[in-house]
Amino acid sequence: MKPKFVLLAIVLLALYLVGQKLAWDSQRYDYVNNYMNRYTSAKMRKVLTAGHDALLADLAMIRGIQFYGMNYPLFDKKPTMYNQFKSLADATIDMDPRHFEAYRFWGFAMTSAQRGKVDAYRFLMAGAHRMAATDEVFTIIQPNMWEVAKDAAYVAEYELQKATKEWGCDAYTFAEKARDCPEFLHRLKVLACRDVDPDPIPALQELATRANQSGNVAIWQLNLDHMRRIISEEHKRFWDAASQAYYEIHGASPTRIEQLTKNVGILKKAVQEYQKVSSEWAEGGVGQLYPNMVNPLPEKKGKLEFRIAQIPELPEDPYGGEYLILDLQGKPSLVGTGINELERESFLEPINQTLKEYQKDHNGECPEDLDAFSQEYNLRLPVADGFGYPLLLDYGKCEFYFPPVSEENPPPLPPYGEEKKTADEEIDLTLMEDDSADSSPASATDEVKAGTADSDG
Amino acid sequence: MIEILTIGLNTFREAIRSKVLYLILFFMVLMIGSSFFLETLALDGGDRLIKNLGLSTISFFGLLVAMFIGVNLIPQEVESKTIYTIVSQGVQRWQFVLGKFLGLILTVYVNIALMTVMLLGILLYYFATTDMIEGVTFFWMIKAIFMELLAMLIVVAVAILFSSFSTPILSAVMTGCVYIIGQMTNDFWDYIRLQSEKQGTEIYCAFLKVIYYLCPHLDMLNLKKQVVHFEELGAAAASFPYGAGAFHAITYTAVILFIACLAFSKRDF
């Protein structure tokens, strides 16, 4: 073989390899789905499926799942990967615009990339809109559309940390259009929309209407709880203004609620402050006062109503209690006692019921040994209520009770009382978390006995 | 009528002896069976995948049977000269064409019936293993398959038409094209509508409209696109032109068969 032929062969081989390398460099990140998006429109892709678009959408989704599994850690490092993934998502839903599973999968998967969170919200909302579209074939909104819109709201609220406050509200509001939208979503919408419109009145009106229209006790209760929470927030806004006014005068925080309620000047200033804030959201820019429940402790399924307070009406605890200032870890803190009373009832009802059973079983006697009592009836006695007042036993009535909440008699136990450090009075609260049947009631019983001694003495 | 039935049954017997049919059947089983494994990859969309894959397989392989068996039926008879024997027995040419159509549609329907049994069996097993019982799914699947049966009437008639005057390969290609065009007439109409909004496109649009009205509207019979969504909407909320679709399928098939009979009657052997 002549040397020039060998040389030519080598040159040709080298050129061939360079050509292959160039082709490889330009094509290694090019996938079919890229070209699909680049060179064909959504409509064209749909046409090319020749009536099998639903199946191709399913297969594209499987490809998407595989792609995600292999590449999701690279989404932030290599934007091309993410772009390919997103283009596959777009191609899939172009082929089946009502592909419920695809929306939910890509909505979740896109949030793996930092830049994908906004895309995920938009993708999910676009999906919700597509699933809600009606025409001569789909005459009603897709009933499960709400799940896609709810996912969009989740992305807006948690993944995007409410960066755009309207998004969560918009998504929940849209989800409500679906026939199968569950009750809880209405309440989530009310809360999300409060970020956009701080006016409590529309939210309260909606919750009250839904509660009054519902024949379900649980739904009624949930709406009531949300109403109470919103009203409490507004009351806190007022009391904070009053506390601030007190601080400006006295240079210290108030330690008793009476320091605020008995001082007309402070109340006037707080009212002015609240009205000033509320004028920003109220219709016509006229400030109004906080809302109060008409009946803070309604009968089950009773009508829920609220009214806007008129001067000189003070905030009324929506849980039916009263407002106090208790010391929380060295700082004066406003508390409504009503919620504590409700919690206490839920604590006391089962244990007092068991106490009655005990009396029935033991000729009307009250248990002397609470350890034995709690073990016999497999009962765990609470150490204290939510404020830190200990559980006590009234031997006369043979009934458990908690002492009344008052500023004069602050709770001795955490969270609002100081934890006692002396060996005699030390209460091991961690035992309450212990599952062992022996240790937990023992701690509770010690406290109950101490309370009994107090009440007797 | 007896002649048509006899030719039809003979065509059916001949078709089920065809190796091509068994090859197609094998791949049909493979495709539908694969949904059994693919559904595990589809996260929550497992049942959806089984339904879509099953319905698409039924439709696509129905087309293949029509294409690869149907297009050979008449040319084979002409090539092997058996057509002379049949025609000399007093069988009219149009009876021969209708008999061939009957035999082929029977073959396609038997295949679809087998696939339907298999598909519904897989769905039943899927629901049993996932503790889901969805009677409504079977209701909609049967509806979608019924519409597919009507679509197959058109496809088989078109295959018979082309095979009555053309070569098998050309007939197969043209039948495939008609199937694809038939699936996109709705999009085609969108295109015509867009074109008609432009100035000076009247003649072009009129020409396109003629083509549109000549095409079969297989997408009117394509329920598999919506079946998954219709399940959730309920029968009252999901409106599909069943009556219009069925009417179109029957009348279009009749017209195509008429043309096929006409073309075959003019043909010289």
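This report walks through a predicted model, starting where chain A meets chain B and then moving on to salt bridges, one helix and two loop residues.

**Where the chains meet**

Let's begin with the contact between the two chains. On each side, 31 residues take part: 31 from chain A touch 31 from chain B. The size of an interface is often given as the accessible area lost when the parts come together. Here that comes to about 2,500 Å², and carbon and sulfur atoms give 61% of it.

There are also 10 residue pairs in polar contact between chain A and chain B, counting pairs with both residues at pLDDT 80 or more. On the chain A side, helix 3 (42-48), helix 4 (53-71) and helix 6 (100-110) each bring at least two residues to the surface that touches chain B. Helix 4 of chain A gives the largest share, 10 residues. Sorted by type, the chain A residues on that side are 15 nonpolar, seven polar and nine charged.

**Salt bridges**

Side chains of opposite charge can pair when their charged atoms come close. Over all chains, the structure holds 31 salt bridges, and two salt bridges run between chain A and chain B. Here are some of the pairs, with the N to O distance for each.

| Pair | N to O distance |
|---|---|
| Arg48(B) and Asp58(A) | 2.6 Å |
| Asp96(A) and Arg48(B) | 2.5 Å |
| Arg104(A) and Glu147(A) | 2.8 Å |
| Lys189(A) and Glu206(A) | 2.9 Å |

Take Arg48(B) to start with. It forms a salt bridge with Asp58(A) and another with Asp96(A). The second of these pairs crosses between chains, from the loop between helix 5 (79-95) and helix 6 of chain A, where Asp96(A) sits, to helix 3 (residues 46-79) of chain B, home of Arg48(B). Are these two partners buried or exposed? Asp96(A) has a relative accessible area of 4%, so it counts as buried. Arg48(B) is buried as well, at 2%.

Now for a pair inside chain A. Arg104(A) forms a salt bridge with Glu147(A). This pair links distant parts of the chain, with Arg104(A) in helix 6 and Glu147(A) in helix 8, 43 residues apart. Arg104(A) itself is partly exposed, with a relative accessible area of 26%.

Further along chain A, Lys189(A) and Glu206(A) meet in a salt bridge. Lys189(A) belongs to helix 10 (residues 183-196) and Glu206(A) to helix 11 (residues 200-213), and 17 residues separate them in sequence. Lys189(A) is buried, at 10% relative accessible area. Through shared partners, salt bridges join Glu176(A), Lys189(A), Glu206(A) and Arg210(A) into one network.

**A helix in chain B**

Helix 6 of chain B covers residues 135-165, which makes 31 residues. At 1.5 Å a residue it should span 45 Å, and its end C-alpha atoms are 47 Å apart, so the two values agree. The helix is mostly covered, with 23 of its 31 residues buried.

**Two loop residues**

Asn144(A) is in the loop between helix 7 (116-132) and helix 8 (145-159) of chain A. Its relative accessibility is 11%, so it counts as buried. What does Asn144(A) contact, leaving aside neighbours within four places in sequence? Phe100(A), Met131(A) and Glu232(B).

Thr164(A) lies in the loop between helix 8 and helix 9 (165-175) of chain A. With a relative accessible area of 30%, Thr164(A) is partly exposed. Thr164(A) and Val47(A) are 117 residues apart in sequence, and their C-alpha atoms are 37 Å apart in space.

Definitions and conventions: Residues numbered from 1 in each chain as written. Chains lettered and ligands numbered in written order. Predicted model: local features only at pLDDT ≥ 70, side-chain atom pairs only at ≥ 80, totals over all residues. Heavy atoms only, no water. Helix = DSSP H or I, 4+ residues; strand = E, 2+ residues; numbered from the N terminus. Buried < 20%, exposed > 50% of the residue type's maximum accessible area, 1.4 Å probe, protein only. Contact = heavy atoms within 4.5 Å. Buried area = accessible area lost by both parts, 1.4 Å probe. Salt bridge = Lys/Arg side-chain N within 4 Å of Asp/Glu carboxyl O. Polar contact = N/O pair within 3.5 Å; in protein donor to acceptor, adjacent residues only side chain to side chain. Nonpolar A, V, L, I, M, F, W, Y, C, P; charged D, E, K, R; others polar. Expected span 1.5 Å × (residues − 1).
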